[in-house]
Amino acid sequence: YCHGLFRRGLMQPCVGVAWWIPPTRGCAQAVWPANWRAVLCLSRLVIAPEVPRNACSFLLAGSIKLIRRDPRWECLVTFADTWQGHTGSVYLAANWQPAGETVAEATWVDPVTGRMVARKAGGHTRTKAEMEALGYVRVGRFVRKRFVYVLKMR
């Protein structure tokens, strides 16, 4: 699913996006082992800086309402990236439940753009030496805070 947030009126630009995808099997089993195929992951949540403070929870609530209509999904999962200073406060405010943290992983950044770069490229996971050879810089090891939202109790 990809849900957008738009201001009222004709031809207004998109000011927020919630993008949902199935998580990896390991991620899904960690939060919903009884039926891991019924888990959906909030992969990206983006809100334009000029929108009101409640826009994020408003978009999440509307997005979850639409997802509830599909009987396949029983549990939602998302993460807050601590390396970017995210705490997950928006998820807590929207009634998501904390579900622990991931193992700390190395975070790599492209020094030219300042963007995070994944070690995984297609079916290959790059080594430390490969990342350095490509010019990327390791900025540390960080955990991600995990949050779940139960749609249906089993």
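These exercises walk through a predicted model of one protein chain.

**Exercise 1. Describe the overall build of the protein chain.**

Solution.
- Start with the secondary structure. The chain has four helices and eleven strands.
- Next, take its extent. The C-alpha trace spans about 45 × 40 × 25 Å along its principal axes.
- Then look at burial. Of the 154 residues, 34% are buried.
- Finish with the contacts. Among those between residues at least 6 apart in sequence, 68% join residues at least 24 apart.

**Exercise 2. Find the largest nonpolar core and say which elements supply it.**

Solution.
- The largest nonpolar core has 22 residues. Those with the most contacts inside it are Trp20, Leu60, Ile64, Ile67, Leu76, Trp96 and Leu151.
- Now trace the suppliers. At least two residues each come from strand E2 (14-21), strand E3 (39-47), helix H2 (55-68), strand E4 (75-81) and strand E11 (144-150).
- H2 gives the largest share, five residues.
- A separate core has ten residues, including Cys27, Val31, Val39 and Cys41.
- Return to isoleucine 67 and set aside its neighbours within four places in sequence. Its contacts are Tyr1, His3, Trp20, Leu40, Trp73, Leu76 and Leu151.

**Exercise 3. Place tryptophan 73: which loop holds it, and is it buried or exposed?**

Solution.
- Tryptophan 73 sits in the loop between H2 and E4.
- Its relative accessibility is 8%. The limit for buried is under 20%, so tryptophan 73 counts as buried.
- Check what it touches, not counting residues up to four places away in sequence. The list is Tyr1, Arg37, Ala38, Val39, Leu40, Ile67, Leu151 and Lys152.
- Take valine 39 from that list. It is 34 residues from tryptophan 73 along the chain, yet their C-alpha atoms are separated by 5.9 Å.

**Exercise 4. Count the disulfides, then examine cysteine 14 and cysteine 41.**

Solution.
- A disulfide needs two cysteine sulfur atoms within 2.5 Å. The count comes to zero.
- Try cysteine 14. The nearest cysteine sulfur belongs to cysteine 2 and is 7.8 Å away. Cysteine 14 is partly exposed, at 39% relative accessibility.
- Try cysteine 41. Its closest cysteine sulfur, in cysteine 27, is 5.4 Å away, so the gap is too far for a bond. Cysteine 41 is buried, with a relative accessible area of 10%.

**Exercise 5. Characterise the largest pocket by volume and lining.**

Solution.
- The volume is about 1700 Å³.
- In total 43 residues line this pocket. Closest to its centre are Arg44, Phe79, Asp81, Met116 and Arg144.
- List the elements that give two or more lining residues. They are E3, E4, helix H3 (89-93), strand E6 (105-109), strand E7 (116-117), strand E10 (137-142) and E11.
- E3 gives the largest share, seven residues.
- Sort the lining by class. It has 23 nonpolar, twelve polar and eight charged residues.

**Exercise 6. Do the same for the second largest pocket, then follow leucine 5 in its lining.**

Solution.
- This pocket holds about 260 Å³ of space.
- Its lining is Gly4, Leu5, Phe6, Arg7, Arg8, Val15, Val51, Pro52, Asn54, Ala55 and Phe58.
- Strand E1 (2-6) and H2 each supply at least two of these residues. E1 has the largest share, three residues.
- By class, there are seven nonpolar, two polar and two charged residues.
- Now pick leucine 5, which lies in strand E1. Leucine 5 is buried, with a relative accessible area of 10%.
- Leave out residues up to four places away in sequence. Leucine 5 then touches Pro13, Cys14, Val15, Gly16, Ile47, Ala55, Phe58 and Leu59.
- Isoleucine 47 is 42 residues from leucine 5 in sequence. The two are 8.3 Å apart in space, C-alpha to C-alpha.

**Exercise 7. What is unusual about the phi of asparagine 95, and where does this residue sit?**

Solution.
- Begin with the general pattern. Most residues other than glycine have a negative phi.
- Asparagine 95 is not a glycine, but its phi is positive, about 70°.
- Locate it. Asparagine 95 is in the loop between H3 and strand E5 (97-101).
- Check its exposure. Asparagine 95 counts as exposed, at 55% relative accessibility.

Notes:
Residues numbered from 1 in each chain as written. Predicted model: local features only at pLDDT ≥ 70, side-chain atom pairs only at ≥ 80, totals over all residues. Heavy atoms only, no water. Core = buried A, V, L, I, M, F, W, Y, C linked by side-chain atoms within 4.5 Å. Buried < 20%, exposed > 50% of the residue type's maximum accessible area, 1.4 Å probe, protein only. Contact = heavy atoms within 4.5 Å. 1 Å grid on protein atoms, 1.4 Å probe; cavity = no way out; pocket = protein on both sides within 12 Å on 5 of 7 lines; lining within 4 Å. Points joined across faces, edges and corners; volume = space filled by probe spheres on them. Nonpolar A, V, L, I, M, F, W, Y, C, P; charged D, E, K, R; others polar.
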